[in-house]
Structure formats: structure tokens, C-alpha cells
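Me: I'd like to go through this one piece by piece before setting anything up. Can you walk me through what is there?

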Amino acid sequence: MKCRIAVVLLLLSRLAAALPAEWPEPAARCGDELISKEELTWYCDAVWTAEEQRAMTPPELAARLRLVAGDAAERLRLRRLLQMDGIEVTPELSLERAARFEPDLPQIGAWNPARQLTLALLAWHFDCFEDAEAHDPEQVEAYYRRHQDRYLVAEHRSVQLILISRKLPGGGAEEAASLRARLQQGEPFEKLREAFDRSTEQERWSVLQLPSVKAAVTALDAEKPESTTEILETEHFWVLGRAQVAPAYYLPLDAGLKNRIRLQMQLFDAMERFDRLHPAPAAPAALAVPDLAE
């Protein structure tokens, strides 16, 4: 329960941004279609954090939107069509749908526009059509065997984090410094993380998306697993990171992967039906935003 509350609070904190007051209404145009402020805010909140949006001037935001004009137009088109069919597309509903359709995946990414639309499309498929197929275990295993190359995880750079809460007595800084000293002395990273990290998977995922943390971890030499980042300071945690090279392997067909494959098969069914009922325009229009002066 505490984990779910934390996810909701993180989601709501991300959605605190809004278009600048001087942004006109309608906010944009796609061909002959007018785009409202609410619609454009949905897309902006899905792509950029509140902090990133507040750091941009209106002309800078307009310029950034022009770089993703095609993506924005298609996402907004799909959102409108789903809403016309009675399926609202919002981050809050996406969080509920993630728990319904993707219980084994981190729900903290529910604001991503592609994921919001994917989850809404699944809700549309199962809530609006009685013949939506669930796919039995035999079909799922047959799909895995036919496409096993898709489940090969190549050799890759693996990132691990230790998060120390700043809510600890004294703020947690001494604990973080002690841990880094112990890591430098050769104590195993996994052992220390298990002993001292009380964060959730969703919290670690969220911290790893922060630009400062990404940059610090990327700068590490993955060939030297004993090397760790300096102590990184975020709003809620002190962070230590390590990168290493993980060998290639096939994902085992466990319960989690079976659920993901079943979900993928259901999504294929939903997309096929949706495209049949709502064919895409031959020449889709890109998003056009106003020319805002500095």
C-alpha cells in the first residue's frame, strides 16, 4: 500500500506543470483540427517533467514541440479517437490500467504517452468488445518458441544503484559517505545494497531517469565494476551508482514473461481492430504550434 501511495505521489508531482499563461487557445493545429490547451498539456506532461517545462521559455517550448510535431500529432489523434469511443486517456487512469494489464511492470512510467495510449487501447479492446481473446497458455508458449530470438538479451551495460533516504536521522549524508568508503575498500556492492537500501523498485527507476544520475552512471567504466559514482544528491535520496557488463542470455519463459507475451498478443489484436475501424489518414498532418516571440 505504501509503495502504491509513493507511485501516486510521484506521478502527481510530475504532472504539476501547465502551459504558460500567455500560450493562446487553441494551443495548436493539426491540419484543420484545432488542439486545445488541455490536449497539448497532456502531451507536454507526458514527454517532459514539470521541472523541464518550467525551465523552458514559451518560445523554447514551442521550438521543442516542433521537433516532435509528427509524434505529437499521431498521439493526439489516437487519444481523440479513443475518447470518442468512450475511453479517456489520462495519467491517472493509465496508472489504474497498468495495475490491471501490467502488474509485473513498474507503474511509475505510466505517464509515458506511448504507454498511456497502449493501456487505453487495451482497455478499449476488452471493455468495448465481448470477443476480445485472452490467449491461453499453449498459444503463449507457441508464440515464444516461434519468436525466441526476440527474447535474447544481448551483452549489455547493467546499472545498479544504492539509495539512502534523506529522511534518516541527520539526513543520511553520513550513511552515504560510509557506504562509499566501504565500496572503495572492496566490499561487495550487492551486499551493501541489500543491507542498507530500503527504496522500492519504482523509486530506483525514477531516480535513474534523472539527468544528473544518468550522466554520472554513463561516465563510469563498465569494464571496472569496482568503480562507483561520487555521492549524488537528489531531492529524496543520496545515490551511489555502479555499471558493469552483463553477459547475453535468453529470457526464461516464467510467469512474468508469459504475462508480457499474452499482453503483446492482446495488443496486436487491439491494434489490428483499431486500425480497421479508424484507418490512419494517407497524408497525416504534423502539429503546428504558434510562433511565440521572445
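Reply: One definition before the details: two residues are in contact when heavy atoms of theirs lie within 4.5 Å. Please also keep in mind that this is a predicted model.

Me: Fine. With that in hand, what is Arg-97 in contact with, leaving aside its neighbours within four places in sequence?

Reply: With those neighbours set aside, Arg-97 is in contact with Ile-87, Glu-88, Val-89, Glu-102, Leu-119, Ala-120 and Ala-123. Arg-97 itself belongs to helix 6, which covers residues 91–101.

Me: And which side chain of opposite charge is nearest to Arg-97?

Reply: That is Asp-127, at 6.2 Å, and Arg-97 has no salt bridge although it is buried. The cut-off matters here: a salt bridge needs a side-chain nitrogen of Lys or Arg within 4 Å of a carboxyl oxygen of Asp or Glu, so the 6.2 Å to Asp-127 does not qualify.

Me: Stepping back, how many helices and strands are there in the protein?

Reply: The protein has 13 helices and 8 strands, and its C-alpha trace spans about 65 × 60 × 35 Å along the principal axes. Of its 294 residues, 41% count as buried. If you take the contacts between residues at least 6 apart in sequence, 71% of them join residues at least 24 apart.

Me: Back to charges, then. How many salt bridges does a search of the whole structure find?

Reply: The search finds 14. One of them is between the side chains of Glu-33 and Arg-80, at 2.8 Å from N to O. Glu-33 is in strand 2 (residues 33–35) and Arg-80 is in helix 5 (residues 69–84), so this pair ties together parts that are 47 residues apart in sequence. Both ends count as partly exposed, with relative accessibility of 45% for Glu-33 and 24% for Arg-80.

Me: What does Arg-79 form a salt bridge with?

Reply: Its partner is Glu-38, and the closest N and O atoms are 2.8 Å apart. Arg-79 lies in helix 5 and Glu-38 in helix 2 (residues 37–47), so here the parts tied together are 41 residues apart in sequence. The two ends differ in burial, since Arg-79 is buried at a relative accessible area of 2%, whereas Glu-38 is partly exposed at 46%.

Me: How far apart in helix 5 are Asp-71 and Arg-75?

Reply: They are 4 residues apart, which means a separation of about one helical turn, and their side chains meet in a salt bridge of 3.0 Å, N to O. Asp-71 is partly exposed at 30% relative accessibility, and Arg-75 is likewise partly exposed, with a relative accessible area of 23%. As for networks, salt bridges that share partners join Glu-33, Glu-39 and Arg-80 into one.

Me: Changing topic, how many aromatic pairs does the structure hold?

Reply: It holds 4. Among them is the edge-to-face pair of Trp-124 and Phe-274, with 5.1 Å centre to centre and 80 degrees between the planes. Because Trp-124 is in helix 7 (residues 113–128) and Phe-274 in helix 13 (residues 255–277), the pair ties together parts that are 150 residues apart in sequence.

Me: Are those two buried or exposed?

Reply: Trp-124 is buried, with a relative accessible area of 1%, and Phe-274 is buried as well, at 3%. Trp-124 and Phe-274 also form one aromatic cluster together with Phe-129.

Me: Which charged end sits over the ring of Phe-129?

Reply: That of Arg-273, at 4.1 Å from the ring centre. Elsewhere, the charged end of Arg-166 sits over the ring of Trp-238, 4.8 Å from its centre.

Me: Last topic: what is the strand order in the open sheet of 3 strands?

Reply: The order is 4-6-5, with antiparallel pairing, and the edge strands, each pairing on one side only, are strand 4 (156–165) and strand 5 (232–233). Strand 4 pairs with strand 6 (residues 237–246) over 10 bridges in the antiparallel sense, and Gln-160 stands opposite Arg-242 in strand 6.

Terms used
Residues are numbered from 1 along each chain as its sequence is written. This is a predicted model: local features need pLDDT of at least 70, side-chain atom pairs count only at pLDDT 80 or more; totals for chains, interfaces and linings use all residues. Side-chain values use heavy atoms; hydrogens and water are left out. Rings of Phe, Tyr and Trp (its six-membered ring) pair if their centres lie within 6.5 Å; planes under 30 degrees apart count as stacked, over 60 as edge-to-face and the rest as tilted. Helices (H or I, at least four residues) and strands (E, at least two) are DSSP runs, numbered from the N terminus. Buried means under 20% relative accessible area, exposed over 50%, partly exposed in between (1.4 Å probe, protein chains only). A charge sits over a ring if NZ of Lys or CZ of Arg is within 6 Å of the ring centre and within 35 degrees of the ring normal. Lys and Arg count as positive and Asp and Glu as negative; His and the chain ends are not counted. Two strands pair if DSSP finds at least two bridges between them.
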